[in-house]
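The following report describes a single protein chain with its bound ligand. It moves from one residue and its surroundings to the sheets, the helices, the ligand shell and the chain as a whole.

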Amino acid sequence: MASITLKNLAHSYHPDPKGPQDFALKSIDHVWEDGGAYALLGPSGCGKTTLLNIISGLLVPSRGQILFNDKDVTRLAPEQRDIAQVFQFPVIYDTMTVRENLAFPLVNRGLAKNEIATRVHKMLDILELQGKADRKARNLTADDKQKISLGRGLVRYDVNAILFDEPLTVIDPHLKWQLRSKLRELHTQFGHTMIYVTHDQTEALTFANKVVVMYEGEVVQIGTPEELFEKPAHTFVGYFIGSPGMNILPTVIEGNRARLGQHETMLTQSYPALTGKVELGIRPEYIRVVERGQGLPVQIREVEDIGRFRIVRATLQGDDSGAIINSLVPEDQSLPADADLLFNAEKVGVYLNNHIVSA
Ligand code: ADP
Ligand code: MG
């Protein structure tokens with residue numbers, strides 16, 4: 001097993017020496033610590049698969065280095081890297097049985113027969129496929145096929161890392177939950193570095209101790225689920241994590257006050273260096289709907305019931321832009337006819353060019 005270091009990594013699928021280059025990965029410096037359970041979270045197209053393929057060696061990056069511990073593997077072929085990779089769609093041999101499919105990656109690596117049998121048996125147990133071990137893969141359901149695909153990655157537990165590229169996308173929601181908890185169990189048991197790619201925040205937050213968030217070819221934040229929620233380093237993280245996401249409001253700051261249209265809200269500190277336009281980030285959870293005169297006067301545009309909470313969507317009085325501010329209000333709280341919004345100043349973040357400003 002190994003730590004995986006990415007140094008100044010960049011990749012372009014269309015390197016056009018004349019024009020501006022179009023980079024799927026822009027400049028990534030990151031260390032995946034040995035034995036970490038990571039989620040790699042980001043929207044479709046942000047470069048997650050590209051990054052995994054570079055780690056496993058399916059793709060050679062346009063620039064930068066990959067190190068396993070201290071060894072440079074940037075130009076090593078995939079089979080020399082000892083990385084197991086599970087793809088979004090099942091990669092299995094239809095004409096082989098379940099057992100043969102699971103054994104295949106091990107036979108290929110020349111493991112002893114009894115070692116192979118032991119591992120395959122264990123994997124059949126874990127995936128609850130014992131009853132189907134000798135059936136041909138082609139006769140199984142899509143869920144079972146994806147389980148086999150997962151198992152083919154997991155049987156190789158003497159590898160440097162296991163990479164999962166949205167492996168549960170096609171799986172039934174109930175089973176999804178079950179398999180995710182099995183992956184966690186396996187992580188506890190074997191202590192591999194695991195990188196689990198997903199675009200689903202719930203999946204990321206339940207799988208990992210460390211979530212790496214990617215956006216437009218860059219890593220924009222690394223943190224525990226709680227850190228990502230409480231202190232988004234980038235407006236994208238605030239917006240992407242949580243439901244509804246963080247409100248992002250254009251503002252101008254003077255000392256410890258932030259102007260919002262004709263109104264002002266207080267901050268907990270001064271930002272003397274910030275003169276131009278910036279943005280305030282505040283989560284709907286940290287905005288209260290109060291009586292007129294206690295906060296920022298608004299017009300409530302819509303109230304959406306989501307069970308124990310309601311999402312109150314409002315616009316600032318005098319703001320013609322139509323910009324909506326979401327707040328989250330407990331279901332049993334009554335809403336005043338003339339409402340103000342009161343921001344919890346402790347929870348307001350100040351962002352410049354999408355990055356958080358630390359005063
Ligand atoms: P993700 O896995 O996060 O959805 P990808 O790594 O697949 O993102 O893609 C990142 C970017 O690279 C996207 O803009 C995508 O269109 C582009 N891309 C991915 N694969 C290829 C390819 N084989 N050829 C050209 N462009 C690609
Ligand atoms: Mg992908």
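Apart from residues up to four places away in sequence, Ala258 is in contact with Thr251, Ile253, Glu264, Thr265, Leu267 and Leu280. The model is a predicted one. Ala258 lies in strand β12, which covers residues 257-260. Ala258 counts as buried because 24 other C-beta atoms lie within 10 Å, and the threshold for burial is 20 or more. Val252, in strand β11 (residues 247-254), has another status: with 13 C-beta neighbours inside 10 Å, Val252 is classed as partly exposed. When neighbours within four places in sequence are left aside, the contacts of Val252 are Arg259 and Lys277.

Two C-alpha to C-alpha separations place these residues relative to others along the chain.

| Residue pair | Separation in sequence | C-alpha to C-alpha distance |
|---|---|---|
| Val252 and Val278 | 26 residues | 6.0 Å |
| Ala258 and Gly318 | 60 residues | 16 Å |

**Sheets**

Strands β11 and β12 belong to an open sheet of six strands, ordered β13-β12-β11-β14-β20-β21 and paired in the antiparallel sense. The edges of this sheet are β13 (263-266) and β21 (355-356); each has a single partner strand, so one side of each has no neighbour in the sheet. At one of these edges, β21 pairs with strand β20 (residues 349-352) in the antiparallel sense over two bridges. Leu352 is placed opposite His355 in β21. In general terms, the strands of a sheet pair through backbone hydrogen bonds, in either a parallel or an antiparallel manner.

Another open sheet has four strands in the order β2-β1-β4-β5, again with antiparallel pairing. Its edge strands, β2 (22-32) and β5 (71-72), each pair on one side only. Within this sheet, strand β1 (residues 4-14) is joined to strand β4 (residues 63-68) by five bridges in the antiparallel sense. Lys7 stands opposite Gln65 in β4. Helix α1 packs on this sheet and touches β1, β2 and β4; the direction of α1 makes about 120° with that of β1.

**Helices**

How much of α1 is buried? Eight of its nine residues are, so the helix is largely enclosed by the rest of the structure. The buried residues of α1 are Lys48, Thr49, Thr50, Leu51, Leu52, Ile54, Ile55 and Ser56. After α1 comes Gly57, which has a positive phi, near 95°.

In helix α2 (residues 98-108), the residues Val98, Arg99, Asn101, Leu102, Ala103 and Leu106 are buried. An α-helix has 3.6 residues a turn, so residues three or four places apart point the same way. The buried residues of α2 pack against two helices, α3 (113-126) and α4 (142-154). Just after α2, Gly110 adopts a positive phi of about 75°.

**Ligand shell**

Which residues surround ligand 1? They are Tyr13, Ala24, Gly42, Ser44, Gly45, Cys46, Gly47, Lys48, Thr49 and Thr50. Helix α1 (residues 48-56) supplies the largest share of this shell, with three residues. Sorted by class, the shell has three nonpolar, six polar and one charged residues. Lys48, Thr49 and Thr50 are in the shell and are also among the buried residues of α1.

**Domains and overall architecture**

The chain is divided into domain 1 (4-239) and domain 2 (246-356). The centres of domain 1 and domain 2, taken over C-alpha atoms, are separated by 39 Å. Where the two domains meet, seven residues of domain 1 are in contact with nine residues of domain 2. On the side of domain 1 that touches domain 2, four residues are nonpolar, three are polar and none is charged.

The chain as a whole has eight helices and 21 strands. Its C-alpha trace spans about 75 × 50 × 35 Å along the principal axes. Of the 359 residues in the chain, 40% are buried. Among contacts in the chain with a separation of 6 or more, 65% join residues 24 or more positions apart.

Terms used: Residues are numbered from 1 along each chain as its sequence is written. Chains are lettered from A and ligands numbered from 1 in the order in which they are written. This is a predicted model: local features need pLDDT of at least 70, side-chain atom pairs count only at pLDDT 80 or more; totals for chains, interfaces and linings use all residues. A residue is near a molecule or strand if its C-beta atom, placed from the backbone, lies within 6 Å of it. Ala, Val, Leu, Ile, Met, Phe, Trp, Tyr, Cys and Pro count as nonpolar, Asp, Glu, Lys and Arg as charged, and the others, Gly among them, as polar. Domain bounds come from an automatic or database domain assignment. Two strands pair if DSSP finds at least two bridges between them. Axes are lines fitted to C-alpha atoms, for helices over the stretch in contact, and angles run from 0 to 180 degrees between N-to-C directions. A residue is buried if 20 or more other C-beta atoms lie within 10 Å of its own, exposed if 12 or fewer, and partly exposed in between; C-beta atoms are placed from the backbone.
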